[in-house]
There are 2 protein chains.
Amino acid sequence: MSKADLTKQRIIEKAALIFNQNGYAGASIADIMRLTGLGKSKIYSYFKSKDEIAVAAFDYSLGLILAAAMAQVSIQNTATLRLHAFVDSFRGFTSQPIGTGGCPILNTAIESDDTHPILRLHVQSAVNNLRALISSIVELGIRQGEITVTTDHEQVSTILLVTIEGAIMMSKLYGNDVYLDRAIDHLHQYINGLSMPNKKTAAS
Amino acid sequence: MSKADLTKQRIIEKAALIFNQNGYAGASIADIMRLTGLGKSKIYSYFKSKDEIAVAAFDYSLGLILAAAMAQVSIQNTATLRLHAFVDSFRGFTSQPIGTGGCPILNTAIESDDTHPILRLHVQSAVNNLRALISSIVELGIRQGEITVTTDHEQVSTILLVTIEGAIMMSKLYGNDVYLDRAIDHLHQYINGLSMPNKKTAAS
């Protein structure tokens with residue numbers, strides 16, 4: 001990486017923290033200047049606008065979440081174990097650096113839905129990627145005879161994502177991981193219920 | 001209601017819409033002035049600060065949601081039917097006036113968790129009330145022999161609330177009720193799974 005690329009990356013990483021904690025409307029370029037130690041004109045030599053920084057910061061945060069999920073999913077051999085691993089990749093999420101401000105998907109979805117169409121498109125794209133990941137695992141499981149053929153992959157991806165996102169909100173609200181843990185336990189049971197009767201695996 | 005009370009109520013109702021759509025940081029007193037047709041000094045003769053308006057607006061919104069849920073819950077005779085009714089009271093939520101900006105609990109939780117301790121306390125209190133409502137129905141169902149005695153009412157209230165909240169986020173994000181409908185269908189199956197084996201009721 002060139003020095004310029006490193007500086008741009010540093011701005012994105014610090015901006016990701018600020019935007020996730022304070023929201024788009026609540027975060028300021030002054031915050032990013034303070035955290036990076038860079039002046040305003042330096043920051044705007046890399047980005048055209050606050051919008052452009054916000055979009056880059058969101059995409060960076062989502063890359064971290066997808067990478068963490070994929071790291072756990074990819075080492076599992078069966079579709080059912082991959083679904084369990086996906087769900088487990090969110091355990092302790094609110095204590096991780098990227099999660100101390102909550103989930104960037106949830107935060108950015110909530111803030112952008114009525115007010116910020118470009119950011120909203122990036123959130124939709126991020127959720128599309130997560131839905132596609134879950135759907136592909138479910139379809140693999142059906143082909144391999146692990147998951148019942150009547151399983152609707154869109155239904156499974158919706159239930160996994162909405163339960164995890166709602167639980168991150170509740171754990172953040174109370175500052176207590178128990179809500180996220182309960183939701184993850186529930187999803188393990190749900191995933192077990194998708195298995196063909198002769199292929200039941202214990203909830204991990 | 002006196003004329004002053006009516007004016008104060010009008011400010012709260014309009015502020016509830018603005019805060020729910022634009023968030024606390026994104027909403028301005030100018031927006032409230034525009035929607036109410038009142039001047040700044042008139043608004044501040046009823047409220048000490050933007051904070052005080054935000055708290056009153058949040059509590060008003062939550063009162064509407066609780067009232068809508070209670071209206072459906074209270075006409076049902078059994079605990080299981082009451083849980084089904086609670087979940088169903090959120091169907092079409094994002095198309096209702098209070099839901100066009102999304103769920104005030106979710107919106108305010110996300111925005112206040114790191115930045116606004118007073119609002120955060122009001123969100124916690126609102127979620128406490130919803131948890132207490134669900135828990136009391138589950139405990140009634142256990143006493144009446146409808147719901148299995150090993151059912152943890154805290155687990156049930158967590159699953160119902162996080163699933164509904166996450167689904168409202170996703171339906172708002174895509175502008176499509178299908179995510180909320182899938183989540184509600186899933187919760188009906190979950191509630192049926194809590195019933196004593198001889199008391200199973202069909203998912204409504």
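In the predicted model, 43% of the 204 residues of chain A count as buried. The C-alpha trace of this chain spans about 65 × 35 × 30 Å along its principal axes, and its secondary structure comprises nine helices and zero strands, so that the order of elements read along the sequence is α-α-α-α-α-α-α-α-α. Among the contacts within chain A that link residues at least 6 apart in sequence, 61% join residues that are at least 24 apart.

The helix α1 of chain A, which covers residues 3–26, departs from a straight course. Although α1(A) has 24 residues, the C-alpha atoms at its ends are only 30 Å apart, which falls short of the 34 Å that a straight helix would reach at 1.5 Å a residue. A kink of about 80° is found in α1(A), and this kink is centred on A:Asn20. A:Asn20 is also one of the buried residues of the helix, a set that further includes A:Ile18 and A:Phe19, which precede it, and A:Gly23 and A:Tyr24, which follow it. Elsewhere in α1(A), the buried positions are A:Ile11, A:Ile12, A:Lys14, A:Ala15 and A:Ala16, with the charged residue A:Lys14 thus listed alongside nonpolar ones.

Chain B is superposed on chain A by a rotation of 180° with 0.0 Å of shift along the rotation axis, at an RMSD of 0.0 Å. The two copies are therefore related as by a two-fold rotation axis. Within chain B, the C-alpha nearest this axis belongs to B:Gly166, at a distance of 2.0 Å. Both copies use the same surface, in that 100% of the contact residues of chain B recur in chain A.

Across the interface, 36 residues of chain B are in contact with 36 residues of chain A. On the side of chain B that touches chain A, at least two residues each are supplied by α1 (3–26), α6 (104–112), α7 (117–143), α8 (153–174) and α9 (178–192) of chain B. Of these helices, α8(B) provides the largest share of that side, with 14 residues. In terms of residue character, the side of chain B that touches chain A divides into 16 nonpolar, 14 polar and six charged residues.

Technical notes:
Residues numbered from 1 in each chain as written. Chains lettered and ligands numbered in written order. Predicted model: local features only at pLDDT ≥ 70, side-chain atom pairs only at ≥ 80, totals over all residues. Helix = DSSP H or I, 4+ residues; strand = E, 2+ residues; numbered from the N terminus. Expected span 1.5 Å × (residues − 1). Bend = angle between axes of the 7 residues up to and from the residue. Buried ≥ 20, exposed ≤ 12 C-beta atoms within 10 Å, placed from the backbone. Least-squares fit on C-alpha atoms with pLDDT ≥ 70 in both. Contact = placed C-beta atoms within 7 Å.
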